[in-house]
Protein chains: 2
Amino acid sequence: MKNSPLYKGSLTTIIMKLLEENGRMYGYEITQKVKKTTNGELNITEGALYPALHKLEAEGLLDVEVAKVDNRMRKYYKLTESGKKETVNRLEELEEFIRNMQTLVNPKTNPDLQF
Amino acid sequence: MKNSPLYKGSLTTIIMKLLEENGRMYGYEITQKVKKTTNGELNITEGALYPALHKLEAEGLLDVEVAKVDNRMRKYYKLTESGKKETVNRLEELEEFIRNMQTLVNPKTNPDLQF
DNA sequence: TTATTATGCATAAGAAAATTATGTATATAT
DNA sequence: ATATATACATAATTTTCTTATGCATAATAA
């Protein structure tokens with residue numbers, strides 16, 4: 001599947017929300033979780049995911065913990081305190097974004113509910 | 001206002017939907033319409049808008065018509081037949097995108113309505 | 001009257017965030 | 001043996017934007 005350009009800019013919000021929900025996850029796990037949740041409609045590529053994780057870590061929003069499971073490396077990520085606060089902001093931005101898009105694209109629908 | 005990264009990739013969809021709704025519009029008019037509709041929360045910059053309009057035109061999705069009003073130039077854009085068809089696709093993609101984001105971020109909420 | 005704001009277009013340089021294409025390595029299924 | 005799944009990583013390129021300019025006319029404020 002080719003992801004729509006609309007997903008551009010949404011990756012870090014998705015990552016942070018999943019970590020908020022699940023405590024800790026590793027990269028490959030995130031890609032599988034997203035694929036399953038969206039019924040295969042959104043596929044996060046490694047070329048997007050790993051640089052994004054590294055950047056969030058560099059910004060102090062994520063912590064890493066390396067583990068070896070079945071002789072294979074895993075890097076578990078979790079939100080830092082700072083990351084937890086930032087997650088709240090990102091989710092608010094997402095809600096505002098969705099409200100605005102719905103207003104622009106569907107001006108007759110009542111634009112509330114959902115959150 | 002600084003637009004959230006979430007808006008990346010949504011500009012052409014916004015433009016095409018506004019043109020579908022209003023028949024024809026010129027660039028500056030689009031920026032004002034979006035600003036007003038979103039209560040100032042989304043500001044389309046010229047550096048993003050004009051290249052986007054030129055690209056949509058080059059792709060055959062928009063037609064241009066130059067006019068002079070009050071001694072000032074305006075370039076009115078409208079959807080071509082091809083553009084009208086593509087608008088339907090873009091709006092479907094937007095709906096799918098919003099559904100997927102809501103499912104990812106708010107897994108407990110019933111993800112329908114709104115469209 | 002002069003400066004600022006609003007209207008209206010345009011493009012160039014740079015940044016951000018992705019895609020696409022590789023690369024390494026282990027485990028499992030055919 | 002070969003392909004698929006798991007698990008990480010990065011480099012080159014593309015897409016899409018921001019920021020900074022530039023030009024020009026009209027209206028408004030100082």
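1. Start with the make-up of the protein surface near DNA strand C: seven nonpolar, nine polar and nine charged residues. "Near" here means that a residue has a heavy atom within 4 Å of the strand. As for the classes, Ala, Val, Leu, Ile, Met, Phe, Trp, Tyr, Cys and Pro count as nonpolar, Asp, Glu, Lys and Arg as charged, and the others, Gly among them, as polar.

2. Keep in mind that this is a predicted model, where local features need pLDDT of at least 70, side-chain atom pairs count only at pLDDT 80 or more, and totals for chains, interfaces and linings use all residues. Residues are numbered from 1 along each chain as its sequence is written, chains are lettered from A and ligands numbered from 1 in the order in which they are written, and side-chain values use heavy atoms, with hydrogens and water left out.

3. Who gets nearest to strand C? Of the 25 residues around it, that would be A:Thr45, A:Lys55, B:Tyr26, B:Tyr28 and B:Lys75. On the DNA side, sugar and phosphate make up 79% of the strand C atoms that come within 4 Å of the protein.

4. Now some polar contacts to strand C (N or O atom pairs within 3.5 Å). A:Asn3 has a polar side-chain atom 3.3 Å from a phosphate oxygen, and A:Asn71 has one 3.2 Å from a sugar or linking oxygen. B:Glu46 goes for a base instead, with a polar side-chain atom 3.1 Å from a base nitrogen of strand C.

5. The elements giving two or more residues to the surface near strand C are α3 (46-58) of chain A plus α2 (27-37), α3 (46-58) and β3 (72-79) of chain B. α3(B) gives the most, five residues. Helices (H or I, at least four residues) and strands (E, at least two) are DSSP runs, numbered from the N terminus.

6. Over to DNA strand D. It has 28 residues around it, and A:Tyr26, A:Tyr28, A:Lys75, B:Lys55 and B:Arg72 come nearest. Sugar or phosphate holds 78% of the strand D atoms within 4 Å of the protein, and bases hold the rest.

7. Phosphate oxygens of strand D have side-chain N or O partners too. For A:Lys75 the distance is 2.6 Å, for B:Lys55 it is 2.8 Å, and for B:Thr45 it is 3.0 Å.

8. Which element supplies the largest share of the surface near strand D? That's α3(A), with five residues. By class, this surface has nine nonpolar, nine polar and ten charged residues.

Notes. A polar contact is a pair of N or O atoms within 3.5 Å; within protein, one must be able to donate a hydrogen and the other to accept it, and residues adjacent in sequence count only if both atoms are side-chain atoms.
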